[in-house]
Amino acid sequence: MGREQHIEDQVIRSLAWFGYEEALWIRRAKLGREGFGTVDLLLLPECGPHRLVLIEVKHQESHDTPGRLFGQLLAYYLASLRLGTDGLNHLRQFAQTPRAHDTKGKSLQMLSGLGHGCKPRDLEALRAGKKLTPEEIGLVVVIGRSDDAGERRECFMDLRAWLKAKGALDIRVAIARSDSSFEWV
């Protein structure tokens, strides 16, 4: 399968398959400073158990190890746990703009709606309100594959199982196929 952007587009076209049909979305959102990184796709569902869903996308040729892949998602998760209800409202407002859907990175100043020169108020605005709980944050990894193989790397499966058993983190993993279909691992 092609680049990660192609897989992201496939996910966006198939939000219903993931259970988030009406969700607003933002591509390349930065959720914190000092090493938290930029999540590939951020979903803001209207209803259901999750108020925020973080999706990390990789293609089959990616040289990222399973540890690096899950590590990225965990960094985004930690940043998300600091978000508040006021911050979610800012994200929802931003998600309704055309800029939310382009492939360029989104700064905290953009996401907060405060604009340039607003450090540290931008991060404070995103963290204002009642904090998100772990149960309100969905975590998903989507791996693009051009063949019919599934995800079989022992380290990948062991790490996912360990995070679920020891950290109570249910990271869902989907395979994106070249025919635009998906399957859960």
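These legends go with several views of a predicted model.

**View 1. The whole fold, from end to end.** Here we have seven helices and six strands. Starting at the N terminus, the elements run α-α-β-β-β-α-α-α-α-β-α-β-β. Look at how the chain meets itself: among contacts between residues at least 6 apart in sequence, 65% join residues at least 24 apart.

**View 2. Overall dimensions of the protein.** The C-alpha atoms fill a box of roughly 45 × 35 × 30 Å along the principal axes. The radius of gyration is 16 Å, which agrees with the value near 16 Å that a compact globule of 185 residues would have.

**View 3. Inside the largest nonpolar core.** This one takes in 36 residues, and I26, L42, L44 and L54 have the most contacts within it. Helix α3 (residues 66-80) supplies the largest share of this core, with six residues.

**View 4. Zooming in on L42.** Which residues does L42 touch, leaving aside those up to four places away in sequence? Its partners are L24, W25, I26, A29, L31, L52, V53 and L54. Apart from the largest core lies another, made up of 18 residues, with I7, V11, V53 and I55 among them.

**View 5. Surface and charges.** Back out to the protein's exterior: the accessible surface is about 9,100 Å², and carbon and sulfur atoms account for 51% of that. As for burial, 48% of the 185 residues count as buried. The protein carries 27 positive and 25 negative charges, and the mean positions of the two sets are 5 Å apart.

Definitions and conventions: Residues numbered from 1 in each chain as written. Predicted model: local features only at pLDDT ≥ 70, side-chain atom pairs only at ≥ 80, totals over all residues. Heavy atoms only, no water. Core = buried A, V, L, I, M, F, W, Y, C linked by side-chain atoms within 4.5 Å. Buried < 20%, exposed > 50% of the residue type's maximum accessible area, 1.4 Å probe, protein only. Helix = DSSP H or I, 4+ residues; strand = E, 2+ residues; numbered from the N terminus. Contact = heavy atoms within 4.5 Å. Rg over C-alpha atoms; globule rule 2.2 N^0.38 Å. Areas by Shrake-Rupley, 256 points an atom, 1.4 Å probe, with all protein chains shown as cover. Lys, Arg positive; Asp, Glu negative; His and termini not counted. Charge placed at Lys NZ, Arg CZ, Asp CG, Glu CD.
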